[in-house]
Amino acid sequence: MKSVMIIYNQAHSDIILDILNKCNVRGFTKWVDVQGRGSHKGEPHYGSHAWPAKNMSTMAVVSEEILTPLVNELKELNRISEDQGLRVFVWDAEVVI
C-alpha cells in the first residue's frame, strides 16, 4: 500500500474529488486552509491580504494498482494548470488498520 498526499490550490477542490472518484479512491482525509509556498516558482498561498490564495491537502492510502492511474491523472492536472500549484508525495504505508 502507498500513502499519497496531494497539496493543491483550493480552486482545484472539485477536480481533485473527481480524480479520486475516477481512480476508485474511496477513503481519504482532506485538510482545508493549508498554507504554503512552492519550492520552485509561483506565488505563496497564505490566505492573507497580500497573498490571498489558499491550499488544501488530501491524503489517501491506495493499492499499487490504483497508484499509477492516480498519479497520471494528477500529473495531467498539473500540466494543464501549472500556475495553480500542485504537489504530490508518495511513500510506503507499512501498517494500515
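Select N24 to begin: this residue is exposed, with a relative accessible area of 61%. The model is a predicted one. N24 sits in the loop between α1 and β2. Check its backbone torsion as well: phi is positive, about 60 degrees, although N24 is not a glycine.

**Stop 2: D33**

Go next to D33, in strand β2. Here too the residue is not a glycine, and its phi is positive, near 60 degrees. D33 has a relative accessible area of 43%, so D33 counts as partly exposed.

**Stop 3: from β2 to β3**

Keep β2 displayed, residues 29–34, and add β3. β3 covers residues 55–62. These two strands pair in the antiparallel sense, over four bridges. To find the register, select K30, which stands opposite T58 in β3.

How many of the eight residues of β3 are buried? Six of them are, so the strand is largely enclosed by the rest of the structure.

**Stop 4: β1**

Add β1, residues 2–9. β1 and β3 pair in the antiparallel sense over eight bridges. Within this pairing, M5 stands opposite M59 in β3.

β1 also pairs with β4, again in the antiparallel sense, over seven bridges. β4 spans residues 86–92. The residue to pick here is S3, which stands opposite W91 in β4.

Colour β1 by burial: six of its eight residues are buried, so β1 is largely enclosed by the rest of the structure.

**Stop 5: W91**

Stay with W91, which lies in strand β4. Is W91 buried or partly exposed? Its relative accessibility is 39%, so W91 counts as partly exposed.

Show the contacts of W91, leaving out residues up to four places away in sequence: K2, S3, M5 and M59. M59 has already appeared as the residue of β3 opposite M5. Then draw a distance between the C-alpha atoms of W91 and V4: they are 87 residues apart along the chain, and the separation is 6.8 Å.

**Stop 6: S13**

Move to helix α1 and select S13. The helix runs over residues 13–22. S13 has a relative accessibility of 13%, so S13 counts as buried, the limit being under 20%.

Which residues does S13 contact, leaving aside neighbours within four places in sequence? They are Y8, K30 and M56. K30 was selected earlier, opposite T58 in β3.

**Stop 7: the largest nonpolar core**

Now select I6, I16, V25, V62, L70 and L74 together. The largest nonpolar core has 17 residues, and these six touch the most other members. Four elements, β1, α1, β3 and α2 (64–80), each supply at least two residues of the core. The largest share comes from α2, with five residues.

For a closer view, centre on L74. Not counting residues up to four places away in sequence, L74 touches I6, I16, I19, L86 and V88. Keep L86 selected for the last stop, where this residue appears again in the lining of the largest pocket.

**Stop 8: the largest pocket**

Finally, turn on a surface or pocket display. Rolling a probe the size of a water molecule over the atoms shows where empty space is left. The largest pocket holds about 440 Å³ of space.

Which of the 22 lining residues lie nearest the centre of the pocket? Select G38, K41, G85, L86 and R87.

To place the lining on the strands, show β1 and β4, each of which supplies at least two of its residues. β4 gives the most, three residues. Colouring the lining by class gives five nonpolar, eleven polar and six charged residues.

Key: Residues are numbered from 1 along each chain as its sequence is written. This is a predicted model: local features need pLDDT of at least 70, side-chain atom pairs count only at pLDDT 80 or more; totals for chains, interfaces and linings use all residues. Side-chain values use heavy atoms; hydrogens and water are left out. A nonpolar core is a set of buried Ala, Val, Leu, Ile, Met, Phe, Trp, Tyr and Cys residues joined through side-chain atoms within 4.5 Å. Buried means under 20% relative accessible area, exposed over 50%, partly exposed in between (1.4 Å probe, protein chains only). Contact means heavy atoms within 4.5 Å. On a 1 Å grid over the protein atoms alone, a cavity is a set of points where a 1.4 Å probe fits but cannot get out, and a pocket is an open set with protein on both sides within 12 Å along at least five of seven lines; lining residues have an atom within 4 Å of a point. Grid points are joined across faces, edges and corners, and a volume is the space filled by probe spheres set on the points. Ala, Val, Leu, Ile, Met, Phe, Trp, Tyr, Cys and Pro count as nonpolar, Asp, Glu, Lys and Arg as charged, and the others, Gly among them, as polar. Two strands pair if DSSP finds at least two bridges between them.
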